[in-house]
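Here's a walk through one chain, from what is packed inside to the charged pairs. Keep the structure open while you read.

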Amino acid sequence: MIFAKYSNTFRWAIIIASFAIVSLILWKTYEFFQHFKEEERIKMEIWSFAQTDLINSDDNTNLDLTLKVLNSNTTTPVLEINKDGSIGSYLNIDDERFSDQKYVNQLIATFKSENTPIEVVFENELNSTIYYGNSPLINKLKYYPLALLLIVFLFGAVIFFFYRSNKNATQNKLWSGMAKETAHQIGTPLSSLIGWTEILKTENVDPDYIMEMEKDIERLKTITERFSKIGSLPTLERSDIVEETIKSYDYLKARSSDLIEFEIRVPKEKIFINLNKQLYSWVIENLVKNGIDAMKGRGKLLIEITQLENQVKICVTDTGKGLAKKHFSKIFEPGYTTKKRGWGLGLSLIKRIIEDFHDGKIKVLQSEIGKGTTFQISLKNTL
């Protein structure tokens with residue numbers, strides 16, 4: 001109970017602690033890298049002293065220790081340049097390209113950028129300059145912080161997508177619960193209305209009135225069924241999308257204002273897809289009503305179906321106020337609306353029906369302020 005109450009706090013505490021630990025590792029890695037470079041510097045200074053001893057030596061000098069120090073460097077690339085600019089000696093460097101002065105100059109520049117050169121002084125006079133680069137181990141270590149940063153980035157990405165997925169799952173549960181509860185709440189008065197209609201049939205009531213009431217009851221049944229299906233995984237069946245679109249078109253046209261000019265363009269042949277008829281009619285109804293609202297009850301509305309090789313495109317075009325491009329993706333988010341009155345749920349429901357239930361896509365194909373908007377639905381057709 002306590003964990004559930006403070007789960008969000010615990011989650012953020014774990015995230016912050018994780019980033020703090022990774023940041024500490026990065027900092028300690030940087031410190032280790034700098035310390036390692038200092039140790040490398042000390043070794044190269046000792047090597048330069050041994051080089052000076054070798055220059056100062058004579059026939060009676062014991063060079064065992066000096067030679068041992070000079071030969072101990074088996075990894076760090078070293079280039080000694082005499083005061084006259086000639087190459088004195090070198091270690092751990094490919095000697096096949098030393099005839100190319102450009103290569104030597106590039107090598108010197110690279111070594112200078114990696115480490116400060118060491119001057120070899122003999123009798124208070126510069127004898128040579130030792131340039132040395134990073135050892136292979138240091139070269140590998142310097143990429144280690146980058147690898148850790150990549151891990152931090154991936155870690156953050158995983159947390160972000162986990163949090164987003166968790167949020168979406170919570171929203172989906174809320175959608176399902178609200179839809180099922182709505183269907184349940186509508187069902188109770190609907191059953192009562194059906195009963196009262198049967199009673200009115202036995203009375204001296206104008207049959208036309210009863211007929212209109214039955215139409216509204218059928219409509220309520222359809223709405224109840226829609227909400228029931230949106231709250232759970234609906235069943236899809238092979239259906240002719242042309243026929244279903246025409247049915248929705250005819251229904252909406254008959255119940256809309258004469259100020260709206262309706263037009264439909266569909267292929268003559270049947271197009272079969274896996275479809276839930278009730279939910280698909282809800283999609284068309286929402287898009288049409290959305291277009292009518294955008295036109296403020298006056299304008300032209302076009303529904304067009306186009307068959308491609310493996311897809312069916314359904315476009316709904318209005319001549320309304322249009323949308324700015326920045327709203328193209330936002331309008332499908334729950335709660336987002338450009339209307340003064342509205343919950344911002346219609347288009348988000350459409351997106352859920354098309355993408356989650358029918359494995360299709362819906363988008364704003366095009367829109368222009370003051371000229372209108374076209375929504376496009378893409379569904380896979382079946383053979």
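Let's settle one term before anything else: a residue counts as buried under 20% relative accessible area, as exposed over 50%, and as partly exposed in between. D359, at 53% relative accessibility, therefore lands in the exposed group. Keep in mind that this is a predicted model.

**Two residues with a positive phi**

D359 is worth a second look for its backbone. Its phi is positive, about 55°, even though D359 is not a glycine. You'll find D359 in the loop between α10 and β10 (361-368), just after α10. K296 also has a positive phi of about 55° without being a glycine. This lysine belongs to the loop between α9 and β8 (299-307), and because its relative accessibility is 76%, K296 counts as exposed.

**The inside**

Now for the packing. The largest nonpolar core has 39 residues. I241, L287, V288, L301, I314, I377 and L379 are the ones with the most contacts inside that core. Which helix gives the most to this core? That's α9 (residues 277-294), with eight residues.

L287 is a good place to zoom in. Leaving out neighbours within four places in sequence, L287 is in contact with V316, L347, I350, I362, F375 and I377. There's also a second, separate core, this one of 10 residues, with I81, I93, V104 and I108 among them.

**Helix α10**

Two of those L287 contacts, L347 and I350, bring us to α10, where both are on the list of buried residues. The others on that list are L349, I353, I354 and F357, plus S348 and R352. How far apart are the end C-alpha atoms of this helix? They are 16 Å apart, and that agrees with the 16 Å expected for the 12 residues of α10 (residues 346-357) at 1.5 Å a residue.

**Aromatic rings**

The structure holds two aromatic pairs. In one, the ring centres of Y249 and F262 are 5.9 Å apart and the planes sit at 75°, so the pair is edge-to-face. Y249 is in helix α8 (residues 241-254) and F262 in strand β6 (residues 260-265), so to speak a link across distant parts of the chain, 13 residues apart. Are these two residues buried or exposed? Both Y249 and F262 are buried.

The other pair is F332 with F375. Here the centres are 6.2 Å apart and the planes at 85°, so this pair is edge-to-face as well. F332 comes from the loop between β9 (311-318) and α10, while F375 comes from strand β11 (residues 372-380), so the pair ties together parts 43 residues apart in sequence. F332 and F375 are both buried.

Charged side chains also lie over rings. K351 lies over the face of F332, at 5.6 Å from the ring centre. Elsewhere, R238 lies over the face of F272, at 4.3 Å from the ring centre.

**Salt bridges**

The count comes to 13 salt bridges. Three of them are set out here, with the distance between the closest N and O atoms.

| Acid | Base | Closest N and O atoms |
|---|---|---|
| E198 | K201 | 3.5 Å |
| E244 | K277 | 3.9 Å |
| E285 | K289 | 3.0 Å |

E198 and K201 are both in helix α6 (residues 144-201), three residues apart, or about one turn of the helix. E198 is partly exposed, with a relative accessible area of 43%, and K201 is partly exposed too, at 42%.

The E244 and K277 pair links distant parts of the chain: E244 is in helix α8 and K277 in helix α9, 33 residues apart. With 8% relative accessibility E244 counts as buried, whereas K277, at 31%, counts as partly exposed.

K289 and E285 both belong to helix α9, four residues apart, again about one turn of the helix. At 42% relative accessibility K289 counts as partly exposed, but E285, at 7%, counts as buried.

Which residues do shared salt-bridge partners join into one network? They are E237, E243, E244, K247 and K277.

Notes
Residues are numbered from 1 along each chain as its sequence is written. This is a predicted model: local features need pLDDT of at least 70, side-chain atom pairs count only at pLDDT 80 or more; totals for chains, interfaces and linings use all residues. Side-chain values use heavy atoms; hydrogens and water are left out. A nonpolar core is a set of buried Ala, Val, Leu, Ile, Met, Phe, Trp, Tyr and Cys residues joined through side-chain atoms within 4.5 Å. Buried means under 20% relative accessible area, exposed over 50%, partly exposed in between (1.4 Å probe, protein chains only). Contact means heavy atoms within 4.5 Å. The expected span of a helix is 1.5 Å times one less than its number of residues. Rings of Phe, Tyr and Trp (its six-membered ring) pair if their centres lie within 6.5 Å; planes under 30 degrees apart count as stacked, over 60 as edge-to-face and the rest as tilted. A charge sits over a ring if NZ of Lys or CZ of Arg is within 6 Å of the ring centre and within 35 degrees of the ring normal. A salt bridge is a side-chain nitrogen of Lys or Arg within 4 Å of a carboxyl oxygen of Asp or Glu.
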